[in-house]
Amino acid sequence: MNKVKAAITGVAGYVPDYILTNKELEGIIDTNDEWITTRTGIKERRILKNPNKGTSYMGAKAAKELLKKTNTRAEEVDLIICATTTPDMMVASTACIIADKIEAKNAFAYDLMAACSGFLYALSTAAKFIESMQYKKVIVIGADKMSSIIDYQDRATCIIFGDGAGAAMIEPNYEGLGIHDEILKSDGSGREFLHMKAGGSVKPPSHETVENREHYVFQDGKTVFKSAVQNMADVSEEIMKKNNLKGEDIAWLVPHQANLRIINATANRMCISEDKVMLNIGKYGNTTAATIPLCLWDYENDLKRNDNIILAAFGGGFTWGSIYLKWAYDSKK
Ligand code: UT7
């Protein structure tokens, strides 16, 4: 019998109904559809308009759909990890709130923060719990309400982000399917180029921080762009070499959706053709921790058991990484 591996056994997602188009942004900031489309590949993004609903609302929607699709009773779930940069509140964790909302009474739950690489970090963590053989059903959620921390006066940043949530069920597999390898990295010196200045313990909220607009994401786009292209491509190439994989061996690249040009540069370095790259940036923009599970959700029907898949991300921290997995089930079409 093969050693136990951690496999994704179902995926689900949720995006809010409201569509913020490039055209609407033209009325808010000095920009145009042509600039946004050619510089980023984004046409529209979803926004959770209801001010009383936060990240857990979307995460719980995705988790509920996941339970239904995988025929899982909420009480069977052992653990919920929610990767998010936009928790509902500083205390309690969004994962605990989601567990409560879906009535996963036997699960322990916690958040994990690795910005746009959050889903990869959380998936890696979940895999370790499964491989320990102590836990059998782990839900990994990537969810962000980016609109809650975006400055809609900052035209270079606000155009790329959107709201959404994706969820994946992780279970043991004894047939050699599931997660095979990972390379995860971080470099905290990159925080200078992508961060939120206030609201944490260094600079708690005050009238001054609000007046200075310090509760929004600050991004030095060009520097982040260069680091993303370099590092996402590097780790993806490295994981292929480590596992003797060539471009033609890969069924799908599932890249973090921050900018189409970053995605294309990564695919080129991996010698992967365009038709094998999952893309939904055009309709959702950058949903931070949700981009990768939302891609898997959108493309689930195209996935086949045994497909070689590479997930890759880069984001704030800086954090970045690649995970190589073999898909564990055929589409449920
Ligand atoms: O997911 C987390 C990690 N984040 C990322 O991976 C994002 C990486 N960065 C990017 O994707 C890109 O840097 C952006 C899309 C955010 C910005 O694109 P850019 O090509 O790097 O633009 P820029 O900020 O260097 O600005 C270039 C020009 C500037 O004009 P000048 O100074 O050349 O006259 C900007 O003022 O484009 C101007 N510009 C805009 N023009 C129209 C910036 N934003 C806009 C806009 N519409 N929305």
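In this predicted model, a convenient place to start is His 256, where an N or O atom of the side chain lies 2.9 Å from an oxygen atom of the ligand. Two further side chains make approaches of this kind. An N or O atom in the side chain of Lys 222 is 2.6 Å from a ligand oxygen, and for Asn 286 the distance from a polar side-chain atom to an oxygen atom of the ligand is 2.7 Å. The protein buries 75% of the 950 Å² that the ligand exposes when taken alone.

The surroundings of the ligand can be followed residue by residue. There are 22 residues around the ligand, and those that come nearest are Thr 31, Arg 39, Lys 222, Asn 259 and Asn 286. Lys 222 and Asn 286 thus appear both in this group and among the side chains described above, with their distances of 2.6 Å and 2.7 Å. Sorted by class, the shell consists of ten nonpolar, seven polar and five charged residues.

Turning to the wider architecture, the ligand takes up the space of the second largest pocket. Four helices each give two or more residues to the shell: H2 (33-40), H6 (155-158), H8 (221-242) and H9 (260-269). Of these, H8 provides the largest share, with four residues. At the level of domains, the ligand lies between domain 1 (5-176) and domain 2 (180-326), because both give residues to the shell around it.

Some features of the backbone also deserve a look while the structure is on screen. Val 91 and Ala 92 are joined by a cis peptide bond, with omega about 10°. Ala 92 belongs to the loop that runs between strand E4 (79-83) and helix H4 (94-102). A cis peptide bond is also found from Gly 317 to Phe 318, where omega is near -10°; here Phe 318 sits in the loop between strands E12 (308-315) and E13 (319-326). Finally, Arg 213 is not a glycine, yet its phi is positive, at about 55°. The loop that holds Arg 213 lies between helix H7 (207-211) and strand E10 (217-219).

Notes: Residues are numbered from 1 along each chain as its sequence is written. This is a predicted model: local features need pLDDT of at least 70, side-chain atom pairs count only at pLDDT 80 or more; totals for chains, interfaces and linings use all residues. Side-chain values use heavy atoms; hydrogens and water are left out. A residue is near a molecule or strand if one of its heavy atoms lies within 4 Å of it. A polar contact is a pair of N or O atoms within 3.5 Å; within protein, one must be able to donate a hydrogen and the other to accept it, and residues adjacent in sequence count only if both atoms are side-chain atoms. Accessible areas come from the Shrake-Rupley method with a 1.4 Å probe; for residues, only the protein chains shown count as cover. On a 1 Å grid over the protein atoms alone, a cavity is a set of points where a 1.4 Å probe fits but cannot get out, and a pocket is an open set with protein on both sides within 12 Å along at least five of seven lines; lining residues have an atom within 4 Å of a point. A molecule sits in a cavity or pocket if more than half of its atoms lie within 2 Å of its grid points. Ala, Val, Leu, Ile, Met, Phe, Trp, Tyr, Cys and Pro count as nonpolar, Asp, Glu, Lys and Arg as charged, and the others, Gly among them, as polar. Domain bounds come from an automatic or database domain assignment.
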